[in-house]
Amino acid sequence: MAELASAPRPGDPRPGPEGPGPEGSHRPSGILIVEDEAELVRALRINLRARQYEVMTAGTGREALAVAASHPPEAIILDLGLPDIDGTEVIVQLRQWYRAPIIVLSGRTSPGDKIGALDVGADDYVTKPFAMAELLARLRAVLRRDGEPGQGQPRQARIGRWLIDLTAYQVQHAETGEGGERETLRLTPTEWRILEILLARPGRLVGSAQLLTAVWGPGFQQRTNYLRFHMARLRRKLEDNPARPRHLLTEPGMGYRYQP
Ligand code: CA
């Protein structure tokens, strides 16, 4: 539990552009923690407040639904094992109107629970026990997605030594070669589609079912072997060391993540 109570380190990055800035903010504000373990609520509250997040808490699913409805938070951190309603059901009800990020926090480790939570609309999943720094990084990532609506998605990204241009559909070596030419790389349309989805959500988990539906269409949610095949090929093309990928990460049983 010691890691849960870690103090903020000096120089820790601010929550991001959506954090309370000097000019103030009119966006939905505050992080809602839905958790029935008092110790964990306390640790989360301390760590979030230390990073200038406003914090609201709810100890049950019903309370969570009521608090979210009266003060829509900019993100929700939600435990699945709640005393009244199951956390998954809370997500289902929230998603009828709530669009901002939901990060699930749970001691349940079966892939079925994780996939279930992602399928009903959670944005990410952190398994207990977790490092506070990891949860905060996930929170920043999901908030970044929501931070600039209408800004569009980043159209360029870098993976290892490659520059990916999602507008021109080109992959070029970051360094020019001897003759001033840049080496280029060819990707298949399927590989481009997968990359577009992952790169649009830097740092965020994208569930396998979501990725399969987006690339192949409804009815392909179970074809995780398709993803394994194409992700392996993408890694061989783009990662400096495909056996130890640093950017195109697998979250076993859950999905994939582009780590910038
Ligand atoms: Ca619990």
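**Exercise 1. Which residues touch the most other members of the largest nonpolar core, and which helix gives the most to this core?**

Step 1. The core has 53 residues, and Val34, Ile77, Leu78 and Val104 touch the most other members. A nonpolar core is a set of buried Ala, Val, Leu, Ile, Met, Phe, Trp, Tyr and Cys residues joined through C-beta atoms within 7 Å. Buried means 20 or more other C-beta atoms within 10 Å of a residue's own, exposed means 12 or fewer, and partly exposed is in between, with C-beta atoms placed from the backbone.

Step 2. Helix α5 (residues 132–147) gives the most to this core, with six residues. Helices (H or I, at least four residues) and strands (E, at least two) are DSSP runs, numbered from the N terminus.

Step 3. Not counting residues up to four places away in sequence, Leu78 touches Val34, Ala64, Gly87, Val90, Ile91, Ile102, Val104 and Leu105. Contact requires C-beta atoms, placed from the backbone, within 7 Å.

The model is predicted: local features need pLDDT of at least 70, side-chain atom pairs count only at pLDDT 80 or more, and totals for chains, interfaces and linings use all residues. Residues are numbered from 1 along each chain as its sequence is written.

**Exercise 2. Describe how α7 packs with α8.**

Step 1. The angle between α7 and helix α8 (residues 224–238) is about 80°, with the axes 10 Å apart. Axes are lines fitted to C-alpha atoms, for helices over the stretch in contact, and angles run from 0 to 180 degrees between N-to-C directions.

Step 2. α7 is therefore roughly perpendicular to α8. Angles under 35 degrees count as roughly parallel, over 145 as roughly antiparallel, 65 to 115 as roughly perpendicular and the rest as oblique.

Step 3. From α7, Ser208, Leu211, Leu212 and Trp216 meet Thr224, Tyr226 and Leu227 of α8.

**Exercise 3. Where do Gln52 and Tyr169 lie, and are they buried, exposed or partly exposed?**

Step 1. Most residues other than glycine have a negative phi. Gln52, not a glycine, has a positive phi of about 70°, and Tyr169, also not a glycine, one of about 50°.

Step 2. Gln52 lies in the loop between α1 (38–50) and β2 (55–58). With 12 other C-beta atoms within 10 Å, Gln52 is exposed.

Step 3. Tyr169 lies in the loop between β7 (162–165) and β8 (170–173). With 13 such atoms within 10 Å, Tyr169 is partly exposed.

Key. Contact = placed C-beta atoms within 7 Å.
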